[in-house]
Amino acid sequence: MDALMQFIFSGLTVGAVYALVALGFTIIYNASDVVNFAQGEFVMLGGMITVFTFEAGLPLPLAALIAIFVTSAVGVALNKLAIEPARGAPVVSLIIITIGASIFIRGAAQIVFDKQLHRLPSFSGDEPIHMLGATILPQSLWVIGGALLVFVGLYLFFTRTLTGKAVLATANNRLAAQLVGINTGFMMTLSFALSAAIGALAGVLVTPITLVGYDIGVALALKGFAAAMLGGMGNPKGALAGGLLLGLFEALTAGYISSQYKEAVAFIVILAVLFVMPQGIFGEKKTERV
Amino acid sequence: MTCRRKWIQISIIAAIMLVLPFFFPSGYYYRVGALVFVNALSVVGLVILVGYAGQISLGHAGFAGIGAYACALAPTHLGLHPAVAILLGALISAALALLIGRPILRLKGYYLGVATLGFGILVSMVLSNERALTGGPDGMSVPDLGLRSLLRDMGWRISGGEFWYGLNAVVLLIGIWIALNLYQSATGRAMRALHGSEVAAQTVGIDVPRIKLQAFVISAVYASVAGSLLALQNGFITPEVAGFMHSVEMVTMAVLGGVGSVLGATLGAAILTLLPQVLTVFAEYEQLVLGLIMVLVMIFLPRGLLPSIVAKLRGRGE
Amino acid sequence: MSILEVKGLGISFGGLRAVNDVSFAVKPGEIVSVIGPNGAGKTTLFNMISGVYMPGVGQVFLEGQDITARAPYLLARQGLTRTFQNLQIFQEMTVLENVIAGFHLTERGPIWADLLSWPSARKRAGEVRNGAYELLTRVRLEKAAEEEAGNLSYGALKRLEIARALAMSPKVLLLDEPAAGCNAVETEEIDALIAELAASGIAILLVEHDMKMVMRISNHIVVLDHGEKIAEGTPTEVSRNPDVIAAYLGSEEETAHADG
C-alpha cells in the first residue's frame with residue numbers, strides 16, 4: 001500500500017510534466033492545426049537557460065523568468081520563420097518542419113551551452129515530506145502545484161478574458177474569427193509564446209529532479225505528444241488527463257512490472273486507446289462530409 | 001507513366017551507379033555509396049506508403065531493426081545462412097506489418113503518426129532491453145554474408161567496400177524496378193486513388209483498408225531488407241537502427257527528394273546520407289545544418305527537391 | 001421489376017432527424033430524381049444508399065438483395081456507384097488515370113503480378129487503357145487525357161466523375177448534382193449523356209437543382225422536405241402537387257425573409 005502511494009506520487013510528478021508538454025502541444029494545435037514536435041525543446045531551453053543564467057550569478061527566480069521569456073521569444077520566432085511560411089502544407093511536411101526545427105534548436109543549444117548534464121538546486125530543500133504513508137520531495141510538490149496553477153490560470157484566461165476567448169474563437173474557426181475583427185495572426189503568435197512559456201516553466205520546475213541536457217527534448221516531445229493524443233488532441237482537459245495518466249502508467253509499470261519496459265507499457269496503452277477510440281479519450285468524433 | 005519512362009529512370013540510376021566509382025578518390029567512398037543505396041532502398045519503400053498511398057509512418061525504422069537483428073541473431077541461434085536470415089527478417093516484418101496494419105491504418109494524420117511511432121519505439125525498446133539476446137544498447141556483431149569469400153574462391157578479388165557497393169546497387173535497382181512496376185499497376189493506382197480521395201476510391205470498388213495494408217506491408221519489407229543489408233555490411237548493429245531518429249531520417253529523405261517520386265527519394269537519401277560525411281569537418285554544426293535544411297526545403301520546395309526542380313525546368317522549357 | 005428499392009430509410013444526427021421514413025424504387029433504364037429545398041436531406045439520402053452513412057432505420061435493396069449499410073466498395077462490386085456533389089477527384093493523377101482507376105474491378109489481379117510487372121498485369125492494364133480512352137471520348141475529355149486532373153475546369157471534372165463511374169459498368173448510378181456549376185452548354189451535354197445512359201439500361205437516381213433539367217429528363221420524381229417524402233410521381237403530377245408548391249414557396253418565403 002505504501003509502495004503504491006509512492007508510485008502514485010512519482011507518477012503524478014512525471015505526469016504533471018507530461019501534462020504541461022501536452023498542453024503546449026494542444027495550444028499550438030488549436031491555433032494552427034500544427035503538431036509542434038519542437039515542444040520538448042522548449043522544456044530543454046527553459047532548464048538550460050535557467051541553469052546558465054543562475055550559474056552566472058543571477059538569483060534563481062530572475063534566472064527562471066529570463067529563461068521563460070527567452071523561450072517564448074524562440075517560440076514566436078519558430079512560428080514566424082518556420083510555421084507561418086508553410087501555412088496550408090500537408091501534414092507530413094509540417095511534421096518534418098517541426099522535427100527539423102527541433103533538431104536545429106538542439107544543435108544550437110549544444111553549441112551555445114554544452115553537452116553536459118546540469119542540475120539546479122531544489123527550490124525548497126531536499127528534505128522528503130511524509131504524506132499518506134509515503135514520502136514526496138518538496139520539488140515534486142512544486143512541479144505538481146506549478147502544473148495545476150498553469151491549468152487553472154489558462155482555464156481562467158480562456159473563459160474569463162476577451163483575449164483568451166479570441167484565441168478560442170480563432171482555434172474554432174479562423175475565417176469567422178477574422179470576420180468579427182480578431183487579429184488571428186496575433187493569436188497565433190500568442191499561442192506559440194504561451195506554449196513555449198509553459199514548456200520552459202516545466203523545464204525550470206523539473207530540472208532539480210531530473211537534470212537537464214541539450215538532448216532531453218526528444219523524449220519529452222514524444223511523451224507529451226503521446227499524452228496529448230491519449231487525451232484527445234486539441235483538448236486542454238485531455239492534455240491534463242492524458243499527461244497524468246501516462247505518468248501514472250509509467251510509474252506503476254516501473255514499480256510492479258519492469259522499470260526497463262515502463263515506457264513500452266505507456267506506448268502499448270496509447271496504441272490500445274487509439275484502436276478502441278481513434279479520436280482519443282476526449283477527442284471529438286468527426287464525420288466526413290461528402 | 002509509360003513503360004519507356006520506367007526504363008529511362010532505371011537506366012539513369014544504373015548509369016550513375018556505374019560511373020560514380022571512377023571519381024572515387026579512395027576506397028572509403030564505396031562504403032559511403034553502399035550506405036546511400038541501403039538508405040535509398042528503405043526510402044523507396046516509404047515512397048510506396050507515403051507517396052503512393054498517402055499514409056504516414058513515424059516508426060518504419062522498427063522494421064529496419066527487425067531485418068537487422070534477424071541477420072544478427074538467426075545465423076548464431078538458428079544456424080541459418082545470413083542470406084536466408086534476410087528473407088526471415090522480411091517475412092517477420094511482413095507478418096508483423098500485416099498484424100498491426102489493420103488497426104493502425106484506420107487512423108488518420110497525426111493519430112496514425114503516433115501509432116506508428118509507438119510501434120517503432122516498442123521495437124527499439126525490446127532490442128535495447130533484451131540484453132541477453134541482443135547485447136542491449138551496446139549492440140552486437142553480425143556474421144559475414146559469406147558471398148565475398150565465395151567470389152574470391154571463384155577468382156574474383158574485390159574489397160569489402162566494392163562488394164557492398166555492387167550488391168546494394170543491384171538490390172536497390174530491383175527495389176526501384178518493383179516500385180515503378182507497382183506505380184503503373186492496378187494496385188499502385190488504387191493506392192494513389194485512395195490517397196486522392198478515400199470515399200471516391202471506395203465508390204469504384206477499391207477495398208481501401210486492404211490496399212492500405214498492402215502498401216504498409218510492402219514498405220515494411222523494403223525497410224526490413226535495407227536493415228538486413230545495413231547490419232551485414234557493417235558487421236555490427238545497435239538498437240539505434242530501429243530508433244525514432246532513424247524513422248524520422250527515413251521520412252525526411254523521402255520527403256526531401258520528393259515523396260511521390262522514386263527517383264527523388266533516391267536523391268533525398270543520397271543527400272541526407274552524404275551530408276553528415278561532408279559536415280564531419282564541422283561536427284559541432286551537423287545538427288544545426290541538418291535541421292535548417294529540413295525546414296528550408298519544406299518551406300521553399302514543399303513538393304521535394306526533384307519534383308520542384310523538374311517543374312522549374314518544364315516552366316522554363318515552355 | 002425495380003432494381004433499387006429504398007424502404008423506410010431514416011437517420012438522425014445528434015437527435016436531429018435528417019431523413020425520415022423515405023421509400024421509393026427505381027427500375028432499370030429509369031431516371032428517378034430526388035428534389036427538395038436546400039437541407040431537405042437529399043445528399044444524406046444518397047450517402048445512406050451508397051453506404052457512406054449507416055442508416056438509423058430502414059432498408060435498401062439492390063436486385064432484391066438487402067444491401068443496407070454495406071460498405072461502398074462492396075456496393076460498387078454489386079453494380080451500384082455514385083458521383084459527388086463536391087467533387088471527389090483523384091487530383092494528382094492524370095485524367096486518363098482517373099478513369100482507369102474506375103476500371104479497378106476489371107483490372108485488378110494478384111499483387112505479385114503487379115509488383116513484377118508480369119505479362120498478365122501489363123495485359124490487364126493495356127485493356128482497360130483502351131476502355132478508358134473510349135469513355136473519355138464519350139464525355140469529350142479525350143484531349144485532356146494526359147493532363148493532371150487537378151488542372152481541369154469544374155464542368156470538365158463533373159464529366160470526368162461520370163466517366164469514372166461509368167468505367168465500372170454500373171447497374172445503378174447515383175448522380176449528385178451533376179450539372180451544378182456547369183454553364184448552359186455543359187448542362188445540355190450532361191443532360192443528353194444521362195438520357196443516353198438510361199437508354200442503355202442503367203437505373204439512374206439523380207439529385208439536381210436545375211428544375212428545367214429535372215422536369216425534362218426524369219421519369220419519376222421524389223420530393224423531400226425536412227427529411228420527409230412529401231410527394232412522388234411523374235414530373236407533371238409533382239409540379240401540380242399543392243404540397244410541393246407549398247414546400248418550395250415556403251422555402252422561398254424563408255429565403256426572402258433571410259434576405260430582407
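Let's start with contacts inside chain C. Take contacts between residues at least 6 apart in sequence: 66% of them join residues at least 24 apart. Keep in mind that this is a predicted model.

What are the elements of chain C? There are 11 helices and 10 strands. The radius of gyration of chain C is 19 Å, and the globule rule gives 18 Å for 260 residues. Those two values are close, so chain C is as compact as a globular protein of that length. Along the principal axes, the C-alpha atoms of chain C fill a box of roughly 60 × 40 × 35 Å. And 46% of the 260 residues in chain C are buried.

Now the domains. The domain assignment splits chain C into domain 1, residues 1-79 + 170-260, and domain 2, residues 89-168. How far apart are the C-alpha centres of these domains of chain C? They lie 27 Å apart. In the contact, domain 1 of chain C gives 11 residues and domain 2 of chain C gives 9 residues. Look at the domain 1 side. Helix H2 (72-77) and helix H8 (184-199) of chain C each supply at least two residues there. The largest share, 3 residues, comes from H8(C). By class, that side of domain 1 of chain C has 7 nonpolar, 2 polar and 2 charged residues.

Next, where chain C meets chain B. This contact takes 35 residues from chain C and 24 residues from chain B. Several elements of chain C give two or more residues to it, among them H2, strand E6 (80-82), helix H3 (95-102) and helix H6 (119-138). Helix H4 (104-107) and helix H5 (111-115) of chain C are also on that list. Sort the chain C side by class: 18 nonpolar, 8 polar and 9 charged.

On to chain B itself. Chain B has 15 helices and 2 strands. Its radius of gyration is 19 Å, close to the 20 Å from the globule rule for 318 residues, so chain B too is as compact as a globular protein of that length. The C-alpha trace of chain B spans about 55 × 45 × 45 Å along its principal axes. Buried residues account for 58% of the 318 residues in chain B. What about contacts in chain B between residues at least 6 apart in sequence? Of these, 78% join residues at least 24 apart.

Pick out one helix: H2 of chain B, residues 28-52. This helix has 25 residues. From its first C-alpha to its last, H2(B) reaches 35 Å, close to the 36 Å expected at 1.5 Å a residue. Where does H2(B) bend? At Leu46(B), by about 30°. Why do we call H2(B) largely enclosed by the rest of the structure? Because 21 of its 25 residues are buried. A residue counts as buried when 20 or more other C-beta atoms lie within 10 Å of its own. After H2(B) comes Gly54(B), with a positive phi near 70°.

Last stop: chain A against chain B. Here 39 residues of chain A are in contact with 36 residues of chain B. Helix H4 (91-112), helix H9 (217-231) and helix H11 (262-276) of chain A each supply at least two residues of the chain A side. Which helix gives the largest share of that side? H4(A), with 16 residues. By class, the chain A side divides into 31 nonpolar, 5 polar and 3 charged residues.

Notes
Residues are numbered from 1 along each chain as its sequence is written. Chains are lettered from A and ligands numbered from 1 in the order in which they are written. This is a predicted model: local features need pLDDT of at least 70, side-chain atom pairs count only at pLDDT 80 or more; totals for chains, interfaces and linings use all residues. Helices (H or I, at least four residues) and strands (E, at least two) are DSSP runs, numbered from the N terminus. The expected span of a helix is 1.5 Å times one less than its number of residues. The bend at a residue is the angle between axes fitted to the seven residues ending there and the seven starting there. A residue is buried if 20 or more other C-beta atoms lie within 10 Å of its own, exposed if 12 or fewer, and partly exposed in between; C-beta atoms are placed from the backbone. Two residues are in contact if their C-beta atoms, placed from the backbone, lie within 7 Å. Ala, Val, Leu, Ile, Met, Phe, Trp, Tyr, Cys and Pro count as nonpolar, Asp, Glu, Lys and Arg as charged, and the others, Gly among them, as polar. The radius of gyration is taken over C-alpha atoms; the globule rule is 2.2 Å times the number of residues to the power 0.38. Domain bounds come from an automatic or database domain assignment.
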